[in-house]
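Here is a walk through one protein model, going from its ring contacts to its strands and a few polar side chains. Keep the viewer open and follow along.

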Amino acid sequence: MHVIIEKNHIKNVSTGIYSQQGNGAKTVSNVRISYNIFDNIGCSNTDSKGWGVKFAYEGGDDVISNIDILNNVFIAATIKSTMWGISLPLSGVASNVRIRNNIINGFDYTPIYGNGSAGSIDILSVENNLFYGNGNSNSVLYIIGLVQNNNNTQNNLIADPLFLSYSDFSLQQCSPAINMGINTGLTTDILRHPIVGLPDIGSYEYYVPYNIGRCKTSDFNRN
């Protein structure tokens, strides 16, 4: 990997990670964003918006490849303006974009968005994510043929993730996210606990010594 952004808690910003290439053809490759918490994301200025991860490319000749967004938690702010949790590369030619095992909660427009008016993606995996309280009925939104080949958008859940609290995004023992991820080859969670069996969706592997006996209906909904 050329860039790894991993095991961070990013809080109280309008956009968690923003990539903009500028004018002229550029190449972006081998980026992994994994096991991060994006907490209270949004913009208080209603003329602007908030995003968890945003790719913005101005050149139609950009080449983007091997982008992995894995096992993150994206939480939108309750009283701020947001758009979507993750945006796909918006122009040029992209390949091997993998968005797996993320929890996306409370974004106004849609959990994941891509507009193909100036680009395409070959080999896209949007799999085993959990969406809750987002716009567009928690459905992924692709516009104008962004995905042209090998689109695997599947096995995504719509459910309350059942976090322990507003400030603790680990999972209750009855969370629908437990053991519902897809193997990505990563071996430890945000706290460096080992992944046992199939990974849990989100940034925390369910860990019995912390969470034993905890199972209640959550009122966590930031939308």
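## An aromatic cluster

W51, W84, Y109 and Y113 come together as one aromatic cluster. Before going further, a quick caveat: this is a predicted model. Across the whole structure, a search turns up 6 aromatic pairs. One of them is W84 with Y109, a tilted pair with 5.7 Å from centre to centre and 50° between the planes. That pair links distant parts of the chain, as its two members are 25 residues apart. W84 belongs to strand β9 (residues 84-87), while Y109 sits in the loop between β11 (103-105) and β12 (110-115).

How do the two partners fare for solvent cover? W84 counts as buried because its relative accessibility is 8%, below the 20% cut-off. Y109, at 35% relative accessibility, counts as partly exposed. Another member of the cluster, W51, has a charge for company: the charged end of K54 sits over the ring of W51, 3.7 Å from its centre.

## The overall build

Zooming out, the secondary structure is 1 helix and 17 strands. The protein has 223 residues, and 54% of them are buried. If you take the contacts with a separation of 6 or more, 81% come from residues 24 or more positions apart. As for the surface, the protein exposes about 9500 Å², and carbon and sulfur atoms supply 48% of that.

## A parallel sheet

What is the strand order in the open sheet of 6 strands? Reading across, it goes β2-β5-β8-β11-β14-β17, with parallel pairing. The edges are β2 (9-11) and β17 (157-158), each of which pairs on one side only. As general background, strands of a sheet pair through backbone hydrogen bonds, either parallel or antiparallel.

For a closer look inside this sheet, pick β5 (residues 37-41) and β8 (residues 73-76), which pair in the parallel sense over 3 bridges. Here F38 has F74 in β8 as its bridge partner.

## β4, β7 and a buried serine

Parallel pairing also turns up between β4 and β7, this time over 7 bridges. One spot to find in the viewer is V28, which stands opposite I64 in β7. Strand β7 (residues 63-70) is mostly covered, with 6 of its 8 residues buried.

Strand β4 (residues 27-34) also holds S34. Is S34 buried or exposed? With a relative accessible area of 0%, S34 is buried. The S34 side chain has a polar partner there: a polar contact of 2.9 Å joins it to the side chain of E6. Skipping neighbours within four places in sequence, the contacts of S34 are I5, E6, K7, L70, N71, N72 and L186.

## N71, a buried asparagine

One name on that S34 contact list is worth a visit: N71. N71 lies in the loop between β7 and β8, and it is buried, with a relative accessible area of 0%.

Which backbone oxygens lie 2.9 Å from a polar atom of the N71 side chain? One belongs to D200, and another belongs to G202. Once residues up to four places away in sequence are set aside, N71 touches S34, Y35 and N36, along with R100, N101, N102, T184, D200, I201, G202 and S203.

## N151, partly exposed

For another asparagine, go to strand β16 (residues 147-154), where you will find N151. Its relative accessible area is 38%, so N151 counts as partly exposed. The N151 side chain makes a polar contact of 2.7 Å with the side chain of T153.

How far apart are N151 and I121 in sequence and in space? They are 30 residues apart along the chain and 8.5 Å apart C-alpha to C-alpha. Leaving out residues up to four places away in sequence, N151 touches L124 and Y142.

Conventions
Residues are numbered from 1 along each chain as its sequence is written. This is a predicted model: local features need pLDDT of at least 70, side-chain atom pairs count only at pLDDT 80 or more; totals for chains, interfaces and linings use all residues. Side-chain values use heavy atoms; hydrogens and water are left out. Two strands pair if DSSP finds at least two bridges between them. Helices (H or I, at least four residues) and strands (E, at least two) are DSSP runs, numbered from the N terminus. Buried means under 20% relative accessible area, exposed over 50%, partly exposed in between (1.4 Å probe, protein chains only). Contact means heavy atoms within 4.5 Å. Accessible areas come from the Shrake-Rupley method with a 1.4 Å probe; for residues, only the protein chains shown count as cover. A polar contact is a pair of N or O atoms within 3.5 Å; within protein, one must be able to donate a hydrogen and the other to accept it, and residues adjacent in sequence count only if both atoms are side-chain atoms. Rings of Phe, Tyr and Trp (its six-membered ring) pair if their centres lie within 6.5 Å; planes under 30 degrees apart count as stacked, over 60 as edge-to-face and the rest as tilted. A charge sits over a ring if NZ of Lys or CZ of Arg is within 6 Å of the ring centre and within 35 degrees of the ring normal.
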